[in-house]
Amino acid sequence: MDGLKKSLRDCLLSYYPLEEEDIDAIEAITTEVNIPRNTIIIQQDKLQHDIYLLSSGLARVYYEVPNREITLDFNDAGCMLMSINTYARNEPGYENIAIVEDAILFKINSTALFKLYEENIRIANLGRKIAEYEFIKIEQRAMSKLFNTAQSRYMDLLDKYPTYINRIKLGYIASYLGISQVTLSRIRASIR
């Protein structure tokens with residue numbers, strides 16, 4: 001773990017400017033949990049009614065396909081972890097989310113959160129901003145895969161998240177970039 005720990009308040013405010021009473025209402029439906037590394041907190045093809053905010057640690061979002069895993073994203077402190085399909089449509093999700101290193105998470109039951117959305121416009125706007133943020137991340141990933149080379153995507157990863165390289169298995173990074181570990185080794189050697 002890189003030592004960074006965010007409070008629930010900081011995590012929430014990174015998405016939308018809430019009032020203290022809004023934060024208190026969300027805190028009342030939140031549980032802090034310690035999750036050991038290599039724990040899967042969201043499983044594909046299942047309804048996942050818990051939403052997590054990552055206080056500390058690192059998580060990996062991936063799909064399982066026959067004989068391999070495809071890494072979609074990495075998330076660190078301050079990020080929301082959830083099944084998008086369950087959140088938006090109340091249907092089983094497509095992704096797995098696994099904790100890469102020991103983590104502290106804020107666990108929120110979506111049923112209780114959706115009730116707050118109905119009662120409080122600021123909290124409802126928080127929910128809208130969370131969904132917008134997740135959809136933008138998905139679009140950015142798709143555009144990057146379509147228009148950038150693997151080396152360019154690797155350089156972007158280094159620029160945006162320099163500590164990830166020392167915290168994530170190279171196999172996961174290669175999967176995220178859509179390349180083999182051999183190709184990743186060549187890319188890394190070419191930029192040293």
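L146 has its place in helix 5 (helices being DSSP runs of H or I with at least four residues, strands runs of E with at least two, both numbered from the N terminus). With a relative accessibility of 63%, L146 counts as exposed (exposed means over 50% relative accessible area, buried under 20%, and partly exposed in between, with a 1.4 Å probe and protein chains only). Together with M143 and F147, L146 makes a nonpolar surface patch of about 370 Å². Patches of this kind consist of residues with over 30% relative accessible area and no salt bridge, where nonpolar side chains (Val, Leu, Ile, Met, Phe, Trp, Tyr) are joined within 5 Å and like charges within 9 Å; accessible areas come from the Shrake-Rupley method with a 1.4 Å probe, and for residues only the protein chains shown count as cover.

A word on the model helps here. The model is predicted, with local features needing pLDDT of at least 70 and side-chain atom pairs counted only at pLDDT 80 or more, while totals for chains, interfaces and linings use all residues. Residues are numbered from 1 along each chain as its sequence is written, and side-chain values use heavy atoms, leaving out hydrogens and water.

Turning to the interior, the largest nonpolar core has 23 residues, and L12, L18, I26, L53 and L126 have the most contacts inside it (a nonpolar core is a set of buried Ala, Val, Leu, Ile, Met, Phe, Trp, Tyr and Cys residues joined through side-chain atoms within 4.5 Å). Two or more residues of this core come from each of helix 1 (8–13), helix 2 (20–27), strand 3 (50–65), helix 3 (84–89), strand 6 (96–109), helix 4 (110–119) and helix 5. Helix 5 gives the most, with four residues. A second, separate core of 17 residues includes V100, L157, I173 and A174. Among the residues that L53 touches are L8, L12, M80, I104 and F106, leaving aside residues up to four places away in sequence (contact means heavy atoms within 4.5 Å).

L157 also appears in helix 6 (residues 150–160), where A150, R153, Y154 and L157 are buried. These residues cover an arc of only 100° around the axis, which puts them on the same side of helix 6; the arc is that of the directions from the helix axis to the C-beta atoms. The cover over the buried residues of helix 6 includes helix 5 (121–147), helix 7 (164–167), helix 8 (170–177) and helix 9 (181–191).

Charged residues come next. D22, found in helix 2, counts as buried because its relative accessibility is 0%. Not counting residues up to four places away in sequence, D22 touches N120, R122 and I123.

The structure holds 13 salt bridges (a side-chain nitrogen of Lys or Arg within 4 Å of a carboxyl oxygen of Asp or Glu). One of them joins the side chains of E20 and R9 (2.5 Å, N to O). E20 lies in helix 2 and R9 in helix 1, so this pair ties together parts 11 residues apart in sequence. E20 is partly exposed at 42%, and R9 is partly exposed at 37% relative accessibility.

K137 offers a buried counterpart. Its side chain meets that of D73 in a salt bridge (3.2 Å, N to O), a pair linking distant parts of the chain, with K137 in helix 5 and D73 in strand 4 (residues 68–76), 64 residues apart. Both K137 and D73 are buried. K137 also forms a salt bridge with E134 (3.9 Å, N to O); both lie in helix 5, three residues apart, about one turn of the helix. Salt bridges that share partners join D73, E134, K137 and R141 into one network.
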